[in-house]
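This report describes selected features of one protein model together with its ligand. The sequence and the structure come first, and the description follows.

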Amino acid sequence: MANSKYEYVKSFEVEDEIMLPNIIIVRVDGRDFRRFSEVHEFEKPNDKKALELLNECAKAVLEQFPDIIFSYGFSDEYSFGTNERVDLIFKEFSRQASYVAETSDKISISIIMLLMNQDTLLIVSFFTSCYVTKWKALFPQKDLRYAPSLRSRVICCASVEVLQAYLVWRQYECHLNNQYDTCLWKLIQSGKSQKEAEEILKGSQKQDRNELLYQCFNINYKKDIPEIFRQGTCTLKTEVEDIVKYKDDGCPVKRLRRKVITVHSENIASRRFWNDQLCLPKELGPFTEDLNKTMPEYLKSFQYENKLMPCTWIVIRIDGCHFHRFSEVHEFEKPNDAQALNLMNSCAAGVLEEFRDIVFAYGVSDEYSFVLKKESQLYRRHTSEIVSAVVSFFSSMYAMKWNEFFPHKEMKYPPYFDGRAVCYPSCEILLDYLAWRQVDCHINNQYNSCFWMLVKSGKSKSAAQQYLKGFCFLKLGDGVIRYKMALWILKEDIQDEPFENEGTQAQEKNELLDQLSGTIDYYNKLPLMFRQGSSVYWDKVISFLLSHPTTKSIT
Ligand code: GTP
Ligand code: MG
């Protein structure tokens, strides 16, 4: 809508060009879930409820996004992350070590989807929101103590064989980890110290560990340990027949409907399991041969990795997905809902506390821009990891803090956010970026204020739209906003631009608002937050005393 001199900054927004293979895997891993599971006292080595919660989220993701066909997840208990185990796995599964070291996050869910129709970030965002909103159903006695978050990465499968190899690898890891952890915890529960238990398991083979469980604890690993722990969980779509109505003669009218189910299988990469499912061979292709081994390095070569340019300011801009509907369903005040904006601001402050490399944030409506310092090495500047972690954390905060801001409103469904990362090479361009967003805020807000005022005065929505179409607001261009954003952060002595005259166009619309509202200077009396958006940054003095970031509306 907006069209200002700052618009040129849009040219920095390069689209992510992911090659379009048939199958995309989005692998979602917990961010420090080791700590999360300790704080929330999950049972060791596996907490059934925690796994069920993950499965519920995976199910919700499959129901929400039509392109997602299949997911596979397991809990990766790795609380004693010793090199010992890396060695062990290294021996048993050649060249696995680098991968094991990477997957120490306690949960790992691989979401398999067809084509690249869906933005992968929406998945991690929606998954996180679901995790928070479904928490109480699975843990009615336990409070969620802090916002859980995940990060995601993308693996592009060039063929269904790559997918098969990937599944072999993930399930092998599930099996190995679970068997090791079962032994370790049984030994610890029987009185051994962690060190002693690890010593006993040192150099053990799969068979040795099965023996140990049987001889010492009378556990038959295959029979006594539930499949959800041993095999992980598959979530997939199948087709069921529904009776939609009955004809006059009493005969049922049936229709095929897709239904999401969860299943367990000893070998998810086998032809037998895969090809027997209704949708999997149809949507993703059949497996033509059984596969027992795979090289993780081979799979790693399919991982899509994009790094953000060094020594540039990174801006992560997140944006609520379908917030038009979300705000309608939750009856947000129009055009601005102060509580909804305060909730966004509070989440943004949480993001600054979580990611210390973020030095400044600016938010308006359902979007927020987070500025990372130039020299940030967060996730080694890997785009997907940075953006997914920020988006996921923000989504988590939003769902968690909802009741604080809307104590009398139930959240009807989990919200989710999209995100992108853009690099800006200089302070000037970064400031222009922020000015662009702020001009957008101003223009949209003036338009929306007039639109809703016209509607309140009795005009229909389409009449109000029509009326404003011919009006000058949309052309309102350069220089109406004085931008003076957090120059202190940028540590450069940029002179303030002279405050330009708003001109007659602004005057006209202000007059319209004055006239409709019956209040002199109506627009300028609106809260700053509505007119100019909100900024969040560390106030050095206050942060020392209060230890949380400040939110301000900057003029
Ligand atoms: P996508 O981002 O493309 O998924 O669409 P969207 O529906 O989220 O729309 P967009 O991001 O372009 O705009 C945000 C929308 O959120 C606005 O158009 C409003 O409908 C809604 N919104 C954001 N803040 C408020 C608010 O304070 N009050 C009300 N009533 N609506 C709001
Ligand atoms: Mg939006």
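The text below takes up the ligand site, one helix, several charged side chains and the salt bridges.

The model is a predicted one, in which local features need pLDDT of at least 70 and side-chain atom pairs count only at pLDDT 80 or more, whereas totals for chains, interfaces and linings use all residues. Residues are numbered from 1 along each chain as its sequence is written, chains are lettered from A and ligands numbered from 1 in the order in which they are written, and side-chain values use heavy atoms, with hydrogens and water left out.

**The ligand site**

Ligand 1 is surrounded by 15 residues, of which Asp-319, His-322, Phe-323, His-324 and Asp-337 come nearest; a residue counts as near when one of its heavy atoms lies within 4 Å. Helices (H or I, at least four residues) and strands (E, at least two) are DSSP runs numbered from the N terminus. Strand E8 (313–320) and helix H14 (323–329) each supply at least two residues of this shell, and the largest share, three residues, comes from H14.

Polar contacts are pairs of N or O atoms within 3.5 Å; within protein, one atom must be able to donate a hydrogen and the other to accept it, and residues adjacent in sequence count only if both atoms are side-chain atoms. An oxygen atom of ligand 1 is 2.8 Å from a polar backbone atom of His-324, while a nitrogen atom of the ligand lies 3.4 Å from a polar side-chain atom of Ser-327. A polar side-chain atom of Asp-366 lies 3.0 Å from an oxygen atom of ligand 1. Taken alone, ligand 1 exposes 640 Å², and the protein buries 67% of that; accessible areas come from the Shrake-Rupley method with a 1.4 Å probe, and for residues only the protein chains shown count as cover.

**Helix H15**

Asp-337, one of the residues that come nearest to ligand 1, also appears at the start of helix H15, where one of its side-chain oxygens reaches to within 3.0 Å of the backbone nitrogen of Gln-339. The helix comprises 17 residues (338–354), which at 1.5 Å a residue should span 24 Å, and its end C-alpha atoms are 24 Å apart, in agreement with that value; the expected span is 1.5 Å times one less than the number of residues.

H15 is mostly covered, since twelve of its 17 residues are buried, where buried means under 20% relative accessible area, exposed over 50% and partly exposed in between (1.4 Å probe, protein chains only). Among the buried residues are Ala-340, Leu-341, Met-344, Asn-345, Cys-347 and Leu-352.

**Salt bridges**

Side chains of opposite charge can pair when their charged atoms come close. With a salt bridge defined as a side-chain nitrogen of Lys or Arg within 4 Å of a carboxyl oxygen of Asp or Glu, the count comes to 22 salt bridges. The table lists three of them.

| Pair | Closest N to O distance |
|---|---|
| Glu-7 and Lys-10 | 3.2 Å |
| Arg-317 and Glu-13 | 2.9 Å |
| Arg-31 and Glu-354 | 3.1 Å |

In the pair of Arg-31 and Glu-354, Arg-31 lies in the loop between E1 and helix H1 (33–39) and Glu-354 in helix H15, so the pair ties together parts that are 323 residues apart in sequence. Arg-31 is buried at 15% relative accessible area, whereas Glu-354, at 37%, counts as partly exposed. Salt bridges that share partners also join Glu-239, Arg-258, Lys-282 and Glu-283 into one network.

Arg-317 forms a salt bridge with Glu-13, and this pair links distant parts of the chain, with Arg-317 in strand E8 and Glu-13 in the segment before strand E1 (23–30), 304 residues apart. Arg-317 is buried with a relative accessible area of 14%, and Glu-13 likewise counts as buried at 14%. Arg-317 and Ala-361 are 44 residues apart in sequence and 9.3 Å apart in space, C-alpha to C-alpha.

Glu-7, at 15% relative accessibility, counts as buried, whereas Lys-10, at 41%, counts as partly exposed.

**Buried charged residues**

Asp-432 is found in helix H17 (residues 427–456). Asp-432 is buried yet has no salt bridge, the nearest side chain of opposite charge being that of Lys-5, 6.8 Å away; Lys and Arg count here as positive and Asp and Glu as negative, while His and the chain ends are not counted. A polar contact of 2.6 Å does, however, join the side chains of Asp-432 and Tyr-8.

Arg-153 has its place in strand E4 (residues 150–157) and is buried, with a relative accessible area of 5%. The side chains of Arg-153 and Asp-29 are joined by a polar contact of 3.1 Å.
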